[in-house]
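Me: Hi! I've just opened this one and would like a quick tour. Could you walk me through the strands, the helices and the charged pairs?

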Amino acid sequence: MPDETPQFIGEYEDVPVDAKGRLIFPSAFRKALPMGVNTFVVARWFDGCLGAYDPSGWKRVLQKLQGLSGAKRETRQLVRAVAGRATEVRLDSQGRVLIPRKHLEMAGITDRATLIGVIDRVELWRPEEYQQRISEVDLEGIAEQLDWL
């Protein structure tokens, strides 16, 4: 059975967000979805961005959250912040998704967004925030620290 886990890669800058909160998901991200899937779950994510998961990816996130100890206050806060505020969005016939205004506000996104594929999800960023964060990355230092290469 072929692996139907989408892999999202690439960076798309200056993606327009219209007054209703719609933005076009790049075709490479849409093509990465398994056949017949036209939804993403959008949630508040780390570092000030939004994370958009295909349904199977979101199921894995939920499984990880369910595996945490509900007795810990931090776990309950994490579950509320991520799962409790998540929403499903559907691609329309023009490849757009409608992101609720409150979600755009969580990430500081107004009329433009930067979308990046980070393997298991698409992150939606306020362009200035993304540029600042990415410019601070010490790729070689992180790779050495993680013993990646």
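Reply: Happy to, and keep in mind that this is a predicted model. Let's start with β7 and strand β8 (residues 122-125), which are paired antiparallel over four bridges.

Me: What joins β7 to β8, and through how many residues?

Reply: The connection is a hairpin, and two residues make the link between β7 and β8.

Me: Which residue is opposite Trp125 of β8?

Reply: That's Thr114, standing opposite Trp125.

Me: And how many bridges are there between β1 and β7?

Reply: Seven bridges connect strand β1 (residues 8-16) with strand β7 (residues 112-119), and the two run antiparallel. As one example of who faces whom, Pro16 is opposite Arg112 in β7.

Me: OK, zooming out. What's the strand order in the sheet?

Reply: The order is β1-β7-β8-β4-β3-β5, an open sheet of six strands with antiparallel pairing. β1 and β5 (87-90) are at the edges with a single partner strand each, so each has one side without a neighbour in the sheet. From one strand to the next, the twist averages 25°.

Me: What about β3 and β5, how many bridges there?

Reply: Four bridges hold strand β3 (residues 39-44) to β5, again in an antiparallel arrangement. Val42 is found opposite Thr87 of β5.

Me: Which helix packs on the sheet around β3 and β4?

Reply: Helix α2 (residues 55-66) does, touching both β3 and β4 (50-53). The direction of α2 makes about 120° with that of β4.

Me: Switching to α5. Which residues are buried there?

Reply: Pro127, Glu129 and Tyr130 are buried in α5. Looking down the axis of α5, those buried residues fall within an arc of 160°, so they line one face of the helix.

Me: What covers them?

Reply: The cover over the buried residues of α5 includes β1, β7 and β8.

Me: And the other side of α5, which residues are exposed there?

Reply: Glu128 and Ser135 are exposed on that other side of α5.

Me: Glu129 is a charged residue in the buried set, so I'm curious. What does Glu129 form a salt bridge with?

Reply: Its partner is Arg133, with the closest N and O atoms 2.7 Å apart. The two are four residues apart in helix α5 (residues 127-135), which means they are separated by about one helical turn. Glu129 is buried at a relative accessible area of 16%, whereas Arg133 is partly exposed at 34%.

Me: Which residues are linked with Glu129 and Arg133 in a network?

Reply: Asp47, Arg126 and Glu128 are linked with Glu129 and Arg133 in a network of salt bridges.

Me: Nice. How many salt bridges does the count come to?

Reply: The count comes to nine salt bridges.

Me: Let's pick another. Is Glu123 buried or exposed, and which residue does it pair with?

Reply: Glu123 is buried, at 9% relative accessibility. Glu123 forms a salt bridge with Arg121, and their closest N and O atoms are 3.0 Å apart. Arg121 is buried as well, with a relative accessible area of 15%.

Me: One last pair: what about Arg22 and Asp18?

Reply: Their side chains meet in a salt bridge at 2.6 Å, N to O. Arg22 is partly exposed because its relative accessibility is 23%, and Asp18 also counts as partly exposed at 26%.

Me: Great, thanks for the tour!

Notes. Residues are numbered from 1 along each chain as its sequence is written. This is a predicted model: local features need pLDDT of at least 70, side-chain atom pairs count only at pLDDT 80 or more; totals for chains, interfaces and linings use all residues. Side-chain values use heavy atoms; hydrogens and water are left out. A salt bridge is a side-chain nitrogen of Lys or Arg within 4 Å of a carboxyl oxygen of Asp or Glu. Buried means under 20% relative accessible area, exposed over 50%, partly exposed in between (1.4 Å probe, protein chains only). Two strands pair if DSSP finds at least two bridges between them. The arc is that of the directions from the helix axis to the C-beta atoms. Contact means heavy atoms within 4.5 Å. Axes are lines fitted to C-alpha atoms, for helices over the stretch in contact, and angles run from 0 to 180 degrees between N-to-C directions.
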